[in-house]
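Reader: I am new to reading structures. Please give me a close look at the first chain, part by part, and show me where its partner comes in.

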Amino acid sequence: MRRLMYEARAQLASPVRNPRMATVIGRLLGLAFLVCFGTGLYSHFLQQPLPWMTFPTRPAGLYQVTQGTHIVAGIACFPLLLAKLYVVFPQLFQYPPVTSFANFLERASIALFVGASLVEITIGLLNTYQWYPFPFPFKQVHFALAFVIIGSLAVHIGVKLPLISANWRAAPVPAPEERHPVDTGNVETPTDAHAENEPSAAEGLPRTRGLTGRVLSYIDRTPELPARTSRRGFLTTVALSVAAVVGLTAGQTFAPLDGVNLFGPRKKGVGQQGVPVNRTSAQAKVSTTALAADWVLTLAVGGTERSFSRAELVALPQTDVELPIACVEGWSQMASWRGVRLRDLVDLAGGSPDADLRLISLEQRGGFKQTEMGSEYVRDSLTLVALELNGETLDLEHGYPARMIAPGRPGVLQTKWLSRIEAIKA
Amino acid sequence: MRAARVLLIAVGVLGLAFGAYVLVDTVALKRLPGLALWIGGAIVLHDAVISPLVFGLGVLTRRAGHRVAGSIIVTVQAAIVLGSLMTLIVLPAIVAQDLGPKNPSILPLDYALNLGLFWLALAVASVLVSLWFYVRTRRANQRPSRIQS
């Protein structure tokens with residue numbers, strides 16, 4: 001068994017697999033994880049705020065940026081996490097597998113860290129495709145695993161801190177004369193704190209016979225690549241991979257990359273009136289109620305309730321705003337909206353602009369048929385009860401007869417098919 | 001250093017505990033075995049399938065290319081890794097598209113075609129880069145002496 005472990009580690013030894021590379025890739029991955037965690041928490045609290053929370057309403061595209069970044073950083077985690085696992089893979093074959101109880105806990109936490117991270121980014125990716133082949137709820141698990149991952153990350157950094165700080169900076173570069181122009185020299189820098197534990201392929205352990213022996217000696221005879229070529233090639237591959245997975249998908253939210261959006265789950269301009277759709281009128285079962293002639297928007301914000309028909313809303317002073325629809329799944333779309341300023345409407349109905357509002361949709365079921373809006377959004381001059389989109393009457397799929405549009409909020413809170421607006425008693 | 005390590009580990013354990021609490025608090029207990037299976041499955045899939053494949057790829061490309069410069073082997077390896085990674089990410093989109101998205105604005109692109117074009121572009125690019133390395137290596141080797149590389 002011991003020999004098998006040594007064999008495995010010797011076979012897997014590579015100029016790329018050292019603590020310095022683990023530190024280089026690890027800090028990028030750690031950064032990506034922290035960015036995902038921060039932007040994810042922001043998105044979570046926007047949707048489920050704690051009672052004391054208020055949020056900035058400017059810049060109006062704030063959520064577009066934070067959530068776009070969340071998805072971009074999440075996609076970048078695929079190459080970074082796989083690269084990190086590639087670098088540290090020989091650690092899997094430590095011998096003896098467990099040296100102490102603390103060592104057992106550390107290895108168990110690494111296993112959980114790796115497994116949870118792989119699942120987290122995978123279900124996140126699948127969520128952007130709106131495909132749910134897993135046997136658990138997305139939102140709750142994605143949220144809970146985020147804490148498991150960040151917790152494991154802190155433990156991992158705590159355990160490895162001496163190694164990380166020893167490898168934070170590159171080891172001194174060999175002098176120029178040691179380098180060959182075509183890099184045939186195998187320049188290995190003596191940096192490795194673990195070096196004495198790492199068996200090298202050159203040790204030449206005796207080979208067993210049989211199939212395993214043949215396979216191993218076949219592998220043994222494989223030529224090694226020059227160390228510098230390997231390292232540079234590895235880093236270039238990681239950099240190109242991150243650039244490719246990010247660059248070819250981020251166009252769904254960052255307009256300059258729209259032209260190379262080959263693999264994004266959404267495409268700018270694709271959807272009714274040039275805006276992508278998430279929940280349809282059929283899913284929300286509002287097709288009849290939203291098109292009913294007697295539809296009114298009722299405001300219960302002052303002493304008495306007041307109802308407005310669509311014609312009455314259209315007759316009120318109209319405001320034009322440019323605001324993005326930005327979805328939790330990471331896509332966003334700038335659009336022109338026209339409608340009645342929410343604060344004017346609240347004013348007209350005898351309400352105070354300092355009250356939080358409850359927005360109720362015609363939707364019969366679904367998590368967002370009823371949402372709450374903090375007073376900071378109610379007061380904002382960009383917040384509209386929108387009646388038109390991109391110069392046309394709002395499409396049924398975009399929330400006809402009237403929908404909410406506010407700066408800096410996730411799409412799920414831009415309530416479509418509005419039916420009733422209530423003040424929440426403080 | 002010691003204080004920082006203790007603090008990091010303590011914060012980490014708290015984070016883990018909070019994550020576990022959120023999990024049992026918000027997810028039905030009967031769903032948890034499924035989650036455990038996915039986490040375990042992810043580890044097995046990586047350690048027992050992806051890693052050996054990558055290792056095998058490394059051995060095969062190095063043996064197939066034992067007569068060419070290391071930089072060319074690395075170029076070919078990089079192209080295969082890039083293509084495989086993109087396939088890994090885009091394949092679920094193709095499957096989800098095939099199953100039928102809930103509305104036409106979800107997954108509106110021709111992902112299979114784009115993936116094919118991506119592989120094609122990788123092939124062309126790796127040939128060009130390899131040629132460039134080949135020419136450069138020959139020149140560099142011929143300049144100081146006439147002895148073969």
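Author: Start with the membrane annotation. In an unreviewed UniProt entry, "transmembrane region" covers residues 21-45, 65-89, 110-129, 141-159 and 234-255 of chain A. Keep in mind that this model is predicted.

Take two of those spans and check them against the model. Residues 110-129 of chain A are 95% helix and 0% strand. The C-alpha atoms at the two ends of that span are 29 Å apart. Now look at residues 234-255 of chain A. They are 64% helix, again with 0% strand. Here the end C-alpha atoms lie 31 Å apart.

UniProt also lists a domain in chain A. The unreviewed entry gives "Oxidoreductase molybdopterin-binding" for residues 292-424. Residues 292-424 of chain A are 14% helix and 40% strand. The end C-alpha atoms of this span lie 28 Å apart.

Now step back to the whole of chain A. It holds 12 helices and 10 strands. How does its radius of gyration stand against the globule rule? The value for chain A is 28 Å, and the rule gives 22 Å for 426 residues. The value is well over the rule, so chain A is more spread out than a compact globule. Along the principal axes, its C-alpha atoms fill a box of roughly 90 × 50 × 40 Å. Of the 426 residues, 43% count as buried. Sequence distance is worth a look too. Consider contacts in chain A between residues at least 6 apart in sequence. Among these, 71% join residues at least 24 apart.

Next, the domains. Chain A splits into domain 1 (2-172 + 208-260) and domain 2 (273-423). Note that domain 1 is written as two stretches of sequence. The centres of domain 1 and domain 2 of chain A, taken over C-alpha atoms, are separated by 40 Å. What does each domain bring to the contact between them? Domain 1 of chain A gives 22 residues, and domain 2 of chain A gives 19 residues. On the domain 1 side, the elements with two or more residues are helix H2 (19-47), helix H3 (62-88) and helix H4 (101-128) of chain A. H3(A) gives the most to this side, with seven residues. By type, the domain 1 side divides into eight nonpolar, 13 polar and one charged.

One pair of residues gives a feel for distance. A:Thr288 sits in helix H9 (residues 287-291) of chain A. A:Leu85 is 203 residues away from A:Thr288 along the chain. Their C-alpha atoms are separated by 53 Å. Is A:Thr288 buried or exposed? With 9 other C-beta atoms within 10 Å, A:Thr288 is exposed. The cut-off for exposed is 12 or fewer.

Now the loops, where the backbone does some less common things. Go first to the loop between H2 and H3 of chain A, where A:Pro59 lies. The peptide bond from A:Arg58 to A:Pro59 is cis, with omega near -5 degrees. Move on to the loop between H3 and H4 of chain A, which holds A:Pro96. The bond from A:Tyr95 to A:Pro96 is cis as well, with omega near -10 degrees.

A third loop runs between strand E7 (384-389) and strand E8 (392-393) of chain A, and A:Asn390 lies there. A:Asn390 is not a glycine, yet its phi is positive, about 45 degrees. A:Asn390 is partly exposed, with 16 other C-beta atoms within 10 Å.

Finally, the partner, chain B. How many residues meet where the chains touch? The contact takes 66 residues from chain A and 65 residues from chain B. On the chain B side, the elements giving two or more residues are helix H1 (2-26), helix H2 (32-64), helix H3 (70-99) and helix H4 (111-142) of chain B. H3(B) supplies the largest share, 16 residues. The chain B side divides into 42 nonpolar, 17 polar and six charged.

One residue of chain B closes the tour. B:Leu107 lies in the loop between H3 and H4 of chain B. Its phi is near 50 degrees, a positive value in a residue other than glycine. B:Leu107 is buried, with 25 other C-beta atoms within 10 Å.

Methods. Residues are numbered from 1 along each chain as its sequence is written. Chains are lettered from A and ligands numbered from 1 in the order in which they are written. This is a predicted model: local features need pLDDT of at least 70, side-chain atom pairs count only at pLDDT 80 or more; totals for chains, interfaces and linings use all residues. UniProt positions are given in the numbering used here, feature names are shortened, and annotations may be inferred rather than shown by experiment. Helices (H or I, at least four residues) and strands (E, at least two) are DSSP runs, numbered from the N terminus. Two residues are in contact if their C-beta atoms, placed from the backbone, lie within 7 Å. Ala, Val, Leu, Ile, Met, Phe, Trp, Tyr, Cys and Pro count as nonpolar, Asp, Glu, Lys and Arg as charged, and the others, Gly among them, as polar. The radius of gyration is taken over C-alpha atoms; the globule rule is 2.2 Å times the number of residues to the power 0.38. A residue is buried if 20 or more other C-beta atoms lie within 10 Å of its own, exposed if 12 or fewer, and partly exposed in between; C-beta atoms are placed from the backbone. Domain bounds come from an automatic or database domain assignment.
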